[in-house]
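User: Got a minute to go through this one with me? I'd like to start with the ligands.
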Amino acid sequence: MTKLLEVKGLTAGYGQVRVLHGLDFSLDEGGVTTLLGANGAGKTTTLRAICGMVKAGGEILFEGKNILGKSTEDVARLGVAHIPEGRGTFTRMTTEENLLLGAISRKDQKNVQKDIDKMYDHFPRLKQRRLQQAGTLSGGEQQMLAIARALMLRPRLMLLDEPSFGLAPLVVKEMFEILTALNKEENASMLIVEQNAALALGIADDAYLLETGSIVMSGPAKQIGADENVRRSYLGY
Amino acid sequence: MELLFQQILAGISTGAIYACMALAVVMIYQAIDHLNFAQGEMAMFSTFIAWQLIEKGVPYWLAFLITVVVSFIGGVAIERIVFKPIEHAPVLSHVVIFIALYSVINSMAGFIWDFTVKSFPSPFGSSPLFGSTLISSHQGGMVAVTLGLLLLLYLFFSYTSVGLAMRAAAANPASARLVGIRVSWMTALGWGMAAAIGSIAGMLIAPVVFLEPNMMISILLYGFAGAVLGGLTSPGGAVLGGFAVGVIENLAGTYIPVIGAELKLPIALVVIVVVLVFKPAGLFGRVVVSRV
Amino acid sequence: MSTHEETVVHHDIGESPEGENRPIARPAGANTSSGARRIIFLVLLAIALILPALLKNFVVFQLTQTMVYAIAILGLNLLTGFNGQFSLGHSAFYAVGAYTAAIMMEHMGVGYVWTLPVAGVICFILGFLFGLPALRLEGVYLALATFALAAATPQILKLSPLEHWTGGVQGIVITKPDAPFGLPLNQDQWLYYFTLIVGIILYICATNLVTSRTGRALMAIRDNPIAARSMGVNTSLYKASAFGLSALYTGIAGALGAIIVQFVAPDSFTLTLSIGFLVGLVVGGVGWLPGALFGGAFLLFVPNIAEGVSKGLSGAVYGLLLIAIIYVMPSGLAGFVQAIVNKVRGK
Ligand SMILES: Nc1ncnc2c1ncn2[C@@H]1O[C@H](COP(=O)(O)OP(=O)(O)O)[C@@H](O)[C@H]1O
Ligand SMILES: [Mg+2]
């Protein structure tokens with residue numbers, strides 16, 4: 001398999017403060033990679049660095065080309081759909097407008113309506129909420145909407161920042177089932193950032209463990225999940 | 001009763017001026033999330049361009065069209081040249097730049113066209129409308145154009161993808177970038193549209209107030225007031241707000257003894273502030289719910 | 001408004017350094033060590049003390065006017081820089097201070113020194129009362145409300161029922177005070193020193209205020225009103241008091257201004273003056289108290305310079321100078337000084 005995303009020596013920070021100290025990780029075409037780590041480890045910052053939202057150094061190869069230093073808009077136009085922390089919903093707009101916005105930079109506008117219908121098949125609840133203001137949807141529905149919005153880009157790569165955050169356990173379970181299905185059926189590649197390690201390791205092929213801006217462990221998800229220390233610190237059993 | 005009715009009608013016809021300006025104010029507010037103090041001067045400058053063209057013998061509607069296009073380009077250019085380089089500067093620094101632009105444009109207009117008042121033609125004539133002396137055919141035309149513009153804007157923002165992208169960029173720039181919208185160009189586009197609408201407002205207002213470099217100062221203030229009263233997020237609200245300001249101003253001037261006539265503007269503003277204290281997002285604006 | 005909502009709900013994206021959620025101004029504090037600061041202060045003070053002996057009377061008068069404006073801007077800075085409230089209405093408080101001094105001196109025969117505290121107290125009360133309803137307003141709405149205040153002020157001063165006191169359109173002429181205790185100073189020199197003393201006292205009070213508990217509460221309200229409220233800060237009381245205090249400074253400046261100019265009239269206190277204070281505040285640096293002096297100097301001298309460059313296009317020259325300053329120093333002099341201090345320290 002070819003590498004879809006390859007990150008080498010990634011550094012990033014805010015103002016004078018450096019938060020990431022040289023990360024190396026990669027993601028296979030069609031694969032799912034997860035970045036695990038405690039609060040403040042730098043997971044969100046990593047995703048922001050990939051999308052040109054923070055000042056970064058090193059190399060970020062997407063389909064073999066360095067995208068470091070590209071503007072956020074341009075990265076998105078390359079097919080990287082980032083569902084940010086807090087979901088990034090356009091709260092004042094309707095559900096359907098949110099979906100239209102997901103596809104707004106696509107060249108093939110004539111297929112957009114078809115894709116919207118497909119999203120409604122995946123997420124029937126969104127169809128019921130079509131013309132409702134997105135800000136009034138429940139947390140779970142908003143997360144579904146965020147995923148659907150990202151899919152509307154027909155992305156080559158999806159970046160998900162703590163998709164389980166703030167959701168009830170049952171909803172989280174349903175959402176990860178959907179993500180698994182999307183990965184299988186649509187061959188969507190995903191980089192998932194999570195604090196909920198058990199869930200993320202269940203869906204991922206590879207996993208990386210982040211501590212204060214450095215990768216302290218990496219390997220196949222199964223192997224990481226079996227590790228004694230990881231179990232104790234992150235999985236809690 | 002008769003007097004009241006007449007004053008309301010007169011208020012509506014001056015209100016049309018404010019409504020038109022308020023629409024331009026809302027437009028820029030949507031694009032940059034702030035009021036632009038130089039907007040009235042931009043409109044005034046545009047109107048002078050139209051006047052110059054008409055003086056040179058260009059037919060009215062052609063001059064009108066050229067002015068709108070030139071203003072649009074000018075608005076985009078101001079954003080790109082003046083504001084883009086300092087886009088990360090604090091908002092108050094931007095406010096100061098508005099003040100600077102105001103000063104530059106006003107001074108240049110005075111330098112080029114001097115400060116004597118000039119008359120500006122109306123495409124609608126100035127005969128009384130429906131036999132009433134209170135509202136002329138020009139004012140009727142102005143109301144019609146304002147409402148027409150409003151409809152066009154509504155269609156643009158609701159049904160075109162550029163309109164959708166502009167709304168998204170204004171409401172949530174970070175998310176807008178993540179879906180690939182070029183937010184900074186959307187801002188420039190907003191400037192262009194605001195300048196174009198402002199130029200239309202200027203050309204419609206000039207036949208009523210006469211053309212001179214300071215013509216827009218108080219009108220912009222009333223336009224701000226109308227836009228704020230209507231709720232800065234709603235073009236329709238702004239237009240209604242503009243009409244309301246015209247009516248409030250007229251009634252205050254007529255019915256409040258002694259000080260009414262002298263304090264027309266402040267009283268209108270006080271009424272608006274009182275409304276805002278009870279409805280902080282304006283009459284038609286959506287209430288902002290903030291969570292931590 | 002909309003940006004506000006969306007970024008508050010999802011505040012994490014808004015905080016990216018790209019700066020969607022820009023503060024109204026970047027609070028700047030030029031971070032010099034306190035020892036260095038004291039030395040700079042003493043050197044400046046020494047220069048300030050000998051200047052009148054070296055300069056022509058008119059220049060002395062101009063420097064006094066600069067200090068007066070600086071005091072007014074200091075007041076605005078307390079409100080905007082430290083409490084995050086915006087005002088286009090400070091010309092009103094300046095006017096109230098000026099008329100208080102004029103009426104007390106000319107109608108009541110009160111000594112000019114006593115007019116300052118009275119002007120301060122009256123403006124504090126007015127500012128506080130104005131601040132109460134204004135509490136419900138933010139951003140552009142507050143701008144409009146304060147703007148109404150500025151627009152109404154000259155009109156109110158001209159009203160015929162008040163003419164006996166205010167002198168209507170004509171205004172009031174004030175007698176210039178002499179130096180007391182037989183000091184060997186002419187009137188301009190004395191008023192210079194008098195203003196300097198008042199200014200220093202007010203400046204020291206302001207610096208103490210912003211480093212006090214109260215100051216921290218004000219800044220907490222500025223940075224995160226909801227969190228401040230949940231920490232038990234009475235935001236209404238603080239915000240209204242900040243308005244009052246800010247008005248107090250500006251009112252004292254107004255009284256001083258009236259005394260040195262020897263004249264008050266309604267049309268000296270229009271919106272243009274309020275806008276001038278705002279410009280002075282920004283070029284000096286929002287949230288940095290010493291910037292007020294630079295702001296005051298800008299307010300007084302730059303229009304004259306522009307006039308000197310080109311009579312016909314003075315407005316354009318003024319505007320271009322202003323744009324140039326913001327380009328060079330986007331956060332005002334404060335940010336500029338901060339950058340220099342950082343460089344000297346080799347950061
Ligand atoms: N906008 C910001 N400005 C300054 N520091 C930040 C910002 N966002 C995050 N940080 C800091 O960067 C570090 C990593 O944060 P983040 O990437 O959000 O961690 P995670 O997503 O793993 O919880 C933390 O120490 C945090 O305080
Ligand atoms: Mg995070």
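Analyst: Sure. One term up front: a residue is near a molecule if one of its heavy atoms lies within 4 Å of it. Also, this is a predicted model.

User: OK, which residues come nearest to ligand 1?
Analyst: Twelve residues surround ligand 1, and A:G40, A:G42, A:K43, A:T44 and A:T45 come nearest. The shell splits into four nonpolar, five polar and three charged residues. Helix α1(A) gives the most to that shell, with four residues.

User: Where does ligand 1 lie?
Analyst: Between chains A and C.

User: Any polar contacts worth listing?
Analyst: Here are some. An N or O atom in the A:T45 side chain is 2.4 Å from an oxygen of ligand 1. A polar backbone atom of A:G40 is 2.7 Å from a ligand 1 oxygen, and a polar side-chain atom of A:Y14 is 3.4 Å from a ligand 1 nitrogen. The protein covers 67% of the 550 Å² of accessible area that ligand 1 has on its own.

User: Switching to the magnesium: what coordinates ligand 2?
Analyst: A:T44 through OG1 and A:E85 through OE, at 2.0 to 2.2 Å. These two are 41 residues apart: A:T44 is in helix α1 and A:E85 is in the loop between β6 and α3 of chain A.

User: Is A:T44 buried or exposed?
Analyst: Buried, because its relative accessibility is 13% and the cut-off is under 20%.

User: And where is confidence lowest in chain A?
Analyst: In helix α10, residues 228-235, with a mean pLDDT of 71, while α3(A) is highest at 94. Chain A averages 89, and 98% of its residues score at least 70.

Key
Residues are numbered from 1 along each chain as its sequence is written. Chains are lettered from A and ligands numbered from 1 in the order in which they are written. This is a predicted model: local features need pLDDT of at least 70, side-chain atom pairs count only at pLDDT 80 or more; totals for chains, interfaces and linings use all residues. Side-chain values use heavy atoms; hydrogens and water are left out. Donors are N, O and S atoms within 2.8 Å of the metal (3.2 Å for Na, K and Ca); water is not among the atoms, so sites may look incomplete. Buried means under 20% relative accessible area, exposed over 50%, partly exposed in between (1.4 Å probe, protein chains only). pLDDT is the predictor's confidence in each residue, from 0 to 100. A polar contact is a pair of N or O atoms within 3.5 Å; within protein, one must be able to donate a hydrogen and the other to accept it, and residues adjacent in sequence count only if both atoms are side-chain atoms. Accessible areas come from the Shrake-Rupley method with a 1.4 Å probe; for residues, only the protein chains shown count as cover. Ala, Val, Leu, Ile, Met, Phe, Trp, Tyr, Cys and Pro count as nonpolar, Asp, Glu, Lys and Arg as charged, and the others, Gly among them, as polar.
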